[in-house]
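Here's a quick walk through one chain, written for someone who has the model open in a viewer. Spin it around as you read.

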Amino acid sequence: ADACAPTPSPPGPEAGARLKWVEVSRGAIRHNLAELRRIVPARTALMAVVKSNAYGHGLAEVAGVAAGAGADWFGVNELDEGLALAYRDYLSSSRR
């Protein structure tokens with residue numbers, strides 16, 4: 001499957017609230033980074049912003065796809081997110 005796992009939101013305070021989710025396509029992440037890479041100068045570094053658990057879509061999963069697609073840096077919100085990415089060494093293969 002090409003979609004990252006849906007992230008259900010907790011029901012709101014209203015009775016009978018429906019679950020909501022967003023599907024993030026790995027292919028769309030790869031495509032968007034490829035398009036950015038195509039239109040910016042070759043020496044431009046790209047940063048994938050994955051703060052706050054990749055906006056609720058899964059830090060490790062989204063960062064892995066972005067790194068594989070050529071992200072040079074990651075933007076995070078908390079030190080622990082940066083340490084988690086450093087521990088997994090996602091950028092070792094994509095650093096230029």
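What follows goes from the overall layout to helix packing, salt bridges, backbone oddities and the surface.

First, the ground rules. This is a predicted model, where local features need pLDDT of at least 70 and side-chain atom pairs count only at pLDDT 80 or more, while totals for chains, interfaces and linings use all residues. Residues are numbered from 1 along each chain as its sequence is written, and side-chain values use heavy atoms, leaving out hydrogens and water.

**Layout**

The chain has four helices and two strands, with helices (H or I, at least four residues) and strands (E, at least two) taken as DSSP runs and numbered from the N terminus. Going along the sequence, you meet them in the order α-β-α-α-β-α. Of the 96 residues in the chain, 28% are buried. Here, buried means under 20% relative accessible area, exposed means over 50%, and partly exposed is in between, with a 1.4 Å probe and protein chains only.

**How the helices pack**

Two packed helices are described by the angle between their axes and the distance between the axes. The axes are lines fitted to C-alpha atoms, for helices over the stretch in contact, and angles run from 0 to 180 degrees between N-to-C directions.

Start with helix α3 (residues 59-68) and helix α4 (residues 79-88): their axes come within 11 Å and cross at roughly 55°. That makes α3 oblique to α4. On the cut-offs, angles under 35 degrees count as roughly parallel, over 145 as roughly antiparallel, 65 to 115 as roughly perpendicular, and the rest as oblique. The α3 and α4 crossing is right-handed; the label is right-handed if the near helix is turned clockwise from the far one by less than a right angle, and left-handed if anticlockwise.

Helix α3 also packs against α1, at an angle of about 40° and with the axes 9 Å apart. α1 and α3 are therefore oblique to each other, and their crossing is right-handed. There's a C-alpha pair to look at as well: Ala34 and Ala69 sit 7.1 Å apart in space but 35 residues apart in sequence. Ala34 belongs to helix α1 and is partly exposed, at 42% relative accessibility.

**Salt bridges**

Side chains of opposite charge can pair when their charged atoms come close. How many salt bridges does the structure hold? There are three, counting a side-chain nitrogen of Lys or Arg within 4 Å of a carboxyl oxygen of Asp or Glu.

| Pair | N to O distance |
|---|---|
| Glu61 and Arg26 | 2.2 Å |
| Glu35 and Arg38 | 2.8 Å |
| Arg37 and Asp72 | 2.8 Å |

The Glu61 and Arg26 pair links distant parts of the chain, with Glu61 in helix α3 and Arg26 in helix α1 (residues 26-39), 35 residues apart. Glu61 is partly exposed at 30% relative accessibility.

Glu35 and Arg38 stay within helix α1, three residues apart, or about one turn of the helix. Glu35 is partly exposed at 31%, whereas Arg38 is exposed at 58%.

Arg37 lies in helix α1 and Asp72 in the loop between α3 and β2 (73-75), so this pair ties together parts that are 35 residues apart in sequence. Is Asp72 buried or exposed? Asp72 is buried, with a relative accessible area of 6%.

**Around helix α2**

Most residues other than glycine have a negative phi, and most peptide bonds are trans. Ala54, though not a glycine, has a positive phi of about 55°. Tyr55 has a positive phi too, near 55°. Ala54 is in helix α2, and so is Tyr55. Ala54 is buried, with 4% relative accessible area.

Gly56 is also in helix α2 (residues 51-56) and counts as partly exposed at 22%. Its C-alpha is 9.4 Å from that of Val22, although Gly56 and Val22 are 34 residues apart in sequence.

**A nonpolar patch**

Which residues make the nonpolar surface patch? Met47, Val49, Tyr55 and Trp73 do, over about 440 Å². Patches are made of residues with over 30% relative accessible area and no salt bridge, joining like charges within 9 Å and nonpolar side chains (Val, Leu, Ile, Met, Phe, Trp, Tyr) within 5 Å. The areas come from the Shrake-Rupley method with a 1.4 Å probe; for residues, only the protein chains shown count as cover. Val49 lies in strand β1 (residues 47-49) and is partly exposed, at 43%.
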